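Trainee: I should like to learn how to read a structural model, beginning with its fold and ending with its charged side chains. Where should one start?

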Amino acid sequence: MEHNKFTLNIPSKSCNESFARVTVAAFATQLDPTVEEISDIKTSVSEAVTNCSVHAYPDKIGTIYITCEIIKDNTIKIKIRDRGCGIEDVKQAMQPLFTTGGEERAGLGFAVMESMMDSIRVTSRLGKGTTVTMKKKISVKNND
Amino acid sequence: MKINSTGEVLTVYLQGEIDHHSAKGMREEIDSAVNFNMPSLLILDFSEVTFMDSSGIGLVMGRFKNLQKSGAKLNLSNLSDSIYKIMKLAGIDRLATMDKGVTK
């Protein structure tokens, strides 16, 4: 599979969460993923983008910068970046069930991303923003 | 969503996508129906749910907490494979009974 890439910048409105995950899923179809692989990618993107809406830009609408790349080994690399408030303690934030989001938030966004993608890397600076980079290798099908 | 109340059982048929955007509206409708009907069992039916992320987990956990106050039980029915997977990941099977849907 050849290298390919797209960039999408969207306002952090909650109505764009669906748009973001469907767009990344559409891009991923060139790798011929299974239904489960597409579902995992959609869900992971939804988690990352929701984190931007809920946590990065809690009191305003900011921009979410999404970059998707097809890299070697049939792998999709998804980078979701914001210029929001940043995470004070990334390790703590990534603990399952930990949330600063109030009663109706499950605190499982990172746990879902870790479970559904092959790898996830989170870098953040307080007051500057956060970048989440995820990779998933799509299985190569044997077509008879 | 469609809501059906029979005796002590309230069934809520969730529809469409359950994410951060849609969860608030769903929460309000479910809570309103539960407060009005006071069921001893709440069934959330997922047959027409096309997508769910962890915002849906938050929705289920929040409903469970509310039902605990009255001692009512929670059942999640017709879960697709992908939704069952995320519920299991979250440990929801410790809070509610979960039934998978029939594979089409």
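Mentor: Let us start with secondary structure. Helices and strands are DSSP runs, numbered from the N terminus. This is a predicted model, and in chain B the elements follow the order β-β-α-β-α-β-α-β from the N terminus on.

Trainee: How many helices and strands does chain B have?

Mentor: Chain B has three helices and five strands. Its radius of gyration is 12 Å, close to the 13 Å given by the globule rule for 104 residues, so chain B is as compact as a globular protein of that length. The C-alpha trace spans about 30 × 25 × 25 Å along its principal axes.

Trainee: What share of the residues of chain B is buried?

Mentor: A residue counts as buried when its relative accessible area is under 20%. In chain B, 47% of the 104 residues meet that criterion. As for contacts with a separation of 6 or more, 64% of them in chain B are between residues 24 or more positions apart. The chain exposes about 5200 Å², of which carbon and sulfur atoms supply 51%.

Trainee: How should the charged residues be read?

Mentor: One may begin with their mean positions. Chain B has 12 positive and 12 negative charges, and the two mean positions are 6 Å apart. One then turns to individual pairs: a salt bridge requires a side-chain nitrogen of Lys or Arg within 4 Å of a carboxyl oxygen of Asp or Glu. Over all chains, the structure holds eleven salt bridges.

Trainee: Which elements hold A:R21 and B:E17?

Mentor: A:R21 belongs to helix α1 of chain A and B:E17 to strand β2 of chain B, so their pairing joins two chains. Their salt bridge has an N to O distance of 3.0 Å. A:R21 is buried at 0% relative accessibility, whereas B:E17 is partly exposed at 26%.

Trainee: What links A:D40 to B:K85?

Mentor: Their side chains meet in a salt bridge of 3.2 Å, N to O. A:D40 lies in helix α2 of chain A and B:K85 in helix α3 of chain B, so this pair also joins two chains. Both residues belong to a salt-bridge network that includes A:E36 and A:K136. A:D40 is buried, at 7%, while B:K85 is partly exposed, at 28%.

Trainee: Which residue forms a salt bridge with B:K100?

Mentor: The partner is B:D81, with the closest N and O atoms 3.5 Å apart. B:K100 lies in strand β5 and B:D81 in helix α3, so the pair ties together parts that are 19 residues apart in sequence. B:K100 is partly exposed, at 45%, and B:D81 is exposed, at 51%.

Key:
Residues numbered from 1 in each chain as written. Chains lettered and ligands numbered in written order. Predicted model: local features only at pLDDT ≥ 70, side-chain atom pairs only at ≥ 80, totals over all residues. Heavy atoms only, no water. Helix = DSSP H or I, 4+ residues; strand = E, 2+ residues; numbered from the N terminus. Rg over C-alpha atoms; globule rule 2.2 N^0.38 Å. Buried < 20%, exposed > 50% of the residue type's maximum accessible area, 1.4 Å probe, protein only. Contact = heavy atoms within 4.5 Å. Areas by Shrake-Rupley, 256 points an atom, 1.4 Å probe, with all protein chains shown as cover. Lys, Arg positive; Asp, Glu negative; His and termini not counted. Charge placed at Lys NZ, Arg CZ, Asp CG, Glu CD.
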